[in-house]
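Q: I am new to reading structures. Please take me through one part of this one closely, with its side chains and their surroundings.

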Amino acid sequence: MGSRTLTGPQLFLLGCSFLITLGSFAVLPYMSVLLHDRFGLGLGVVGVVLAVASLVQFSGGVVGAALAARIGLRATMLVALAVRTAGFAAFVPGLTRPVVAVAALLLVSCGAALYLPANKAYLVAGCGAERRPGLLAASGSAFNAGIALGPPAAAPFVLTSPAGLFTGVAVLFALVGAGHVLLPSVADEGGGVDEGGGVKDAAGAVAHAAAGSRLPPFAFTVLAVYVFMFFQHYLALYAVPRTSTAFYGAVLMGYAILLVVAQPLLARRLAALPYATALRLGFGAMAAGTAVLALGGRAGIAVGAVLLCLGEIVLFLKNDLEALARSTAPSATVFGRQRLAAGLGAFAAAVVGGQLYGVAERAAAVPVFWLVVSAQAVVLPALLVVWAGGSARRRAGDGPVAAHRPR
């Protein structure tokens with residue numbers, strides 16, 4: 001998507017998406033170290049705090065969507081940025097008060113939950129279905145670029161001068177929030193189907209026809225994030241002892257670059273794919289990627305990461321587009337539900353993954369862990385397809401009977 005197709009507010013939001021994740025990931029990836037080493041919290045407490053913060057950040061998207069419906073998209077983004085600014089600023093006094101540090105982390109998580117549904121809804125407001133793939137892909141690339149650059153940018157300052165780092169991030173968020181004040185107000189809109197049951201445009205008509213498959217995007221988002229988070233959480237434990245920290249860092253950087261570059265390039269093609277085909281490609285890539293990881297070594301880890309990146313590009317974007325196309329709800333509500341789905345998947349992966357990896361490690365068979373994840377990437381979507389098909393048949397079978405029931 002060229003810049004000539006973007007409005008000023010859209011360009012501003014894409015730039016802010018980069019700055020927001022740059023600032024956030026200058027701090028958040030180091031929270032386990034800060035909470036444990038700097039603030040003296042036990043590892044068990046640290047785990048609970050991070051789990052709660054992650055759950056709030058994802059599942060709170062539903063609250064963000066409800067707030068957007070009440071006060072509007074721009075006002076919701078302003079509230080979210082004010083909350084996040086306060087959270088990062090509170091880390092400064094939190095350096096000597098662990099309770100304040102934990103409260104600051106929760107504030108930051110609440111701000112993230114409120115911001116993202118409104119941000120995405122504002123970005124696609126007034127756009128037809130043909131423009132949504134490019135806009136959402138560009139937004140994802142901006143976010144991922146910030147995620148990739150934030151940790152290395154902050155690494156020299158996290159342990160040596162954390163107060164200065166927290167202050168700088170708080171100032172960054174305050175400036176970004178001030179810029180949001182200048183955004184024009186826009187009306188949030190529904191997805192691909194209008195109030196009369198029709199479709200807004202030809203691209204929406206294709207997506208709506210695909211909805212007859214009854215494959216629920218919410219459930220497939222849960223599964224996609226569930227499978228992906230095994231890779232996110234446990235690749236470091238697996239890769240570093242088998243290669244080196246330098247190689248692991250190079251894999252992460254390459255992963256981020258591929259994601260940032262490939263997602264916008266593939267967006268239109270992904271949008272044109274039938275949903276069932278995209279699901280097969282996405283989960284197939286994740287299944288193949290995790291199976292290749294089991295081979296170990298530099299080649300296996302690198303190739304596995306590339307395949308998982310392709311799976312992420314396909315599934316994360318296509319699920320959002322499909323959820324939008326099938327819903328008459330405001331876009332912020334749709335994105336809030338998708339965030340909730342992602343939170344459920346991430347939470348399940350954290351609970352199940354720790355147990356599975358622990359068992360595999362004790363059995364000296366860690367590669368088997370990745371084979372189990374690969375099997376889940378094949379079996380769980382297939383079971384969901386069977387369940388969805390059965391539900392559709394039951395609804396079709398009940399229709400004529402229900403029509404003849406006495407009232």
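A: Start with the nonpolar patch, where helix 14, spanning residues 331-362, gives the largest share, 3 residues. Keep in mind that this is a predicted model.

The patch lies on the surface. Its members are Leu55, Phe347, Val351 and Val352. Together they have about 300 Å² of accessible area. Take Phe347 as an example. Phe347 sits in helix 14. Its relative accessible area is 41%. That falls between the 20% limit for buried and the 50% limit for exposed, so Phe347 is partly exposed. A residue also needs over 30% to join a patch, and Phe347 has 41%.

Now turn to charged side chains. The structure has 2 salt bridges. One of them joins Asp320 and Lys120, at 3.1 Å from N to O. This pair links distant parts of the chain. Asp320 belongs to helix 13, residues 297-326. Lys120 belongs to helix 6, residues 98-124. The two are 200 residues apart. Both Asp320 and Lys120 are buried.

The other pair is Arg326 and Glu322. Their side chains meet at 3.0 Å, again counted from N to O. Here both partners lie in helix 13. They are 4 residues apart, which is about one turn of the helix.

How do the partners Arg326 and Glu322 differ in cover? Look at Arg326 and Glu322 in turn. Arg326 has 22% relative accessibility, so it counts as partly exposed. Glu322 has 3%, so it counts as buried. The cut-off for buried is under 20%. Arg326, at 22%, does not meet that cut-off, and therefore is not called buried.

Last, move to helix 1, residues 8-24, where Ser24 is found. Is Ser24 buried or exposed? Its relative accessible area is 2%, so Ser24 is buried. A polar atom of the Ser24 side chain lies 2.8 Å from the backbone oxygen of Ile20. Ser24 also has contacts beyond its sequence neighbours. Leaving out residues up to four places away in sequence, Ser24 touches Pro29, Arg84, Phe88 and Phe173.

Put these views side by side. Phe347 is partly exposed and belongs to a surface patch. Asp320 and Lys120 are buried, and their side chains meet in a salt bridge. Ser24 is buried too, with its side chain 2.8 Å from the backbone oxygen of Ile20.

Terms used: Residues are numbered from 1 along each chain as its sequence is written. This is a predicted model: local features need pLDDT of at least 70, side-chain atom pairs count only at pLDDT 80 or more; totals for chains, interfaces and linings use all residues. Side-chain values use heavy atoms; hydrogens and water are left out. Patches are made of residues with over 30% relative accessible area and no salt bridge: like charges are joined within 9 Å, nonpolar side chains (Val, Leu, Ile, Met, Phe, Trp, Tyr) within 5 Å. Accessible areas come from the Shrake-Rupley method with a 1.4 Å probe; for residues, only the protein chains shown count as cover. A salt bridge is a side-chain nitrogen of Lys or Arg within 4 Å of a carboxyl oxygen of Asp or Glu. Buried means under 20% relative accessible area, exposed over 50%, partly exposed in between (1.4 Å probe, protein chains only). A polar contact is a pair of N or O atoms within 3.5 Å; within protein, one must be able to donate a hydrogen and the other to accept it, and residues adjacent in sequence count only if both atoms are side-chain atoms. Contact means heavy atoms within 4.5 Å.
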